[in-house]
Amino acid sequence: MSTLAPFAPTRPWWQQDSLPRLIADLARSELAAMRLSHAGLPHAPWSGELHFERDLGADSLERFQLATALSAALRMEQTGLDEQLPALPTLAGWCSIAQASLALQDAHISFRTSGSSGAPKQCQHALAQLEQEVQYWTGVLGPVKRILYTVPAHHIYGFLFTVLLPQALPDAPQLVDARATLPARLAGLARTGDLIVSFPDYWAGVAAAGQPFAHGVAGITSTAPCPDPVALQLQALGLDLLQIYGSSETAGIGWRRQAGEAYALLPYWDRTAQPGMLLRDGREVALQDTLDWRGERAFVPAGRIDQAVQVGGVNVHPAATAAVLERHPGVAQASVRLMRPDEGQRLKAFIVPAPAGAQEAALAAELAAWARAHLTMAARPVSFTFGSNLPRTKQGKLADWIIDAGNESTPEQP
């Protein structure tokens, strides 16, 4: 196991411009989750004068929940200063209290899993271990002049590569928020020496646009598997693409540069004899995926242990979505799966209507409204197939189903 040391920043990350961005990203994400929509929430960046009630329409209960989420992320309950958050109405006020708390305790930070149609959980990390990972990436990436990002700072991937990495790289690269940039325009925005931090769905749009990159532009993709055709097309357009494998629970675990190859295990991780576990600093850490090992230091992910799937970079649980649909009085049974690549990139549902249920077209519309009211966007099916029984294999397991144009309803996109 490597003894790679974490880097030593000249100033803590929270004394820089990253803290307001992290708090704003977390607040926007939490409000969207509470309201099941991003509608009405301004895009980043947010100024320090942003007023939670006036500008975001956040009532007292929402502000309390936002304060709870920020306290959990920054471990503010350890200092007691989180109790001051609900009374402060502006982003600047929250940043001030957060800085005061982090000055007393910044050794750990937590990231919450999406919990979309599943139970979210807080994943605590030692800051020193995250800095150790970033130190490794500086050696892989080499010099970087600018970091263009399309990911939020309160997720572990965004925190590593848009908060900590700029501190570790020499010459303090400029940060460019590209979240409002259409994928077709990204290659034209990039220039030599840039590093682009994004996720597979966005990269798919960049690849489809087919615009070549300037020489010496690197990209990183994570949060979900990047389809090989997308990675190969990006490389054909001149992008040096790194695929990073990890999770909110573990941070980075491995990486590769070539589509289809095995991932190289990061130097401070070690394989254990127990499947589904890795070793770091003498401690066993549970994985979210089964790994197919290719020797001691290389692997290929072989599927989620918890049966979650990725929709737009968000983990969703089809079985939990099906359970929500089955609460509708017009549904006797439901099965939900991820679309095949030829169908799309969202969820679809197979529905067995209740005996007294509505006609299929009407029931599809009702279920689309039901999903908007009870599920996050990523967890909402966008098409419904109907039948008298759930499709099953000869062994009795739930089976895939084929689109029947005369028996499938596609509601309006949420």
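**Figure 1. Asp 25 pairs with Arg 179 in a salt bridge whose closest N and O atoms are 3.0 Å apart.** A salt bridge is a side-chain nitrogen of Lys or Arg within 4 Å of a carboxyl oxygen of Asp or Glu. The structure is a predicted model, in which local features need pLDDT of at least 70 and side-chain atom pairs count only at pLDDT 80 or more, while totals for chains, interfaces and linings use all residues. Residues are numbered from 1 along each chain as its sequence is written, and side-chain values use heavy atoms, with hydrogens and water left out. The pair joins distant parts of the chain: Asp 25 belongs to helix H1, whereas Arg 179 sits in the loop between S4 and helix H7 (183-189), and 154 residues separate the two. Helices (H or I, at least four residues) and strands (E, at least two) are DSSP runs, numbered from the N terminus. Asp 25 is buried, at a relative accessible area of 6%, and Arg 179 is partly exposed, at 28%. Here, buried means under 20% relative accessible area, exposed over 50%, and partly exposed in between (1.4 Å probe, protein chains only).

**Figure 2. Glu 62 and Arg 35 form a salt bridge between helices H3 and H1.** The closest N and O atoms of Glu 62 and Arg 35 are 3.0 Å apart. Glu 62 is in helix H3 (residues 60-74) and Arg 35 in helix H1, a separation of 27 residues that links distant parts of the chain. Glu 62 counts as buried, because its relative accessibility is 12%. Arg 35, with a relative accessible area of 29%, is partly exposed.

**Figure 3. A salt bridge joins the side chains of Arg 63 and Glu 53, at 4.0 Å from N to O.** Arg 63 lies in helix H3 and Glu 53 in helix H2 (residues 52-56); the partners are ten residues apart and link distant parts of the chain. Arg 63 is buried, with 17% relative accessible area, whereas Glu 53 is partly exposed, with 47%. Elsewhere, Arg 337, Arg 340, Glu 343 and Lys 348 are joined into one network by salt bridges that share partners. The salt bridges number 17 in total.

**Figure 4. The second largest pocket holds about 470 Å³ of space.** Its lining consists of 24 residues, of which Asp 17, Ser 18, Arg 21, Tyr 149 and Leu 175 are the closest to the centre. Helix H1 (18-35), helix H6 (156-168) and strand S4 (174-177) are the elements that each give two or more residues to this lining. H1 supplies the largest share, five residues. By class, the lining comprises 13 nonpolar, five polar and six charged residues. On a 1 Å grid over the protein atoms alone, a pocket is an open set of points where a 1.4 Å probe fits, with protein on both sides within 12 Å along at least five of seven lines; lining residues have an atom within 4 Å of a point.

**Figure 5. Thr 223 and Ala 251 each have a positive phi in a residue other than glycine.** For Thr 223, phi is near 85°. Thr 223 is placed in the loop between strand S6 (218-221) and helix H9 (228-236), and counts as partly exposed at 30% relative accessibility. For Ala 251, phi is near 65°. Ala 251 lies in strand S8 (residues 251-256) and is buried, with a relative accessible area of 3%.

**Figure 6. Ala 107 occupies the loop between helix H4 (91-104) and strand S1 (108-112).** With neighbours within four places in sequence left aside, Ala 107 is in contact (heavy atoms within 4.5 Å) with His 125, Ala 126 and Leu 127. At 40% relative accessibility, Ala 107 is partly exposed. From Ala 107 to Pro 301, the C-alpha to C-alpha distance is 31 Å, across 194 residues of sequence.

**Figure 7. Thr 290 is found in strand S13 (residues 289-293).** Thr 290 counts as partly exposed, at 41% relative accessibility. Its C-alpha atom is 38 Å from that of Gly 188, which is 102 residues away along the chain. The chain around these close-ups contains eleven helices and 20 strands. Buried residues account for 50% of its 414 residues.

Definitions and conventions:
Grid points are joined across faces, edges and corners, and a volume is the space filled by probe spheres set on the points. Ala, Val, Leu, Ile, Met, Phe, Trp, Tyr, Cys and Pro count as nonpolar, Asp, Glu, Lys and Arg as charged, and the others, Gly among them, as polar.
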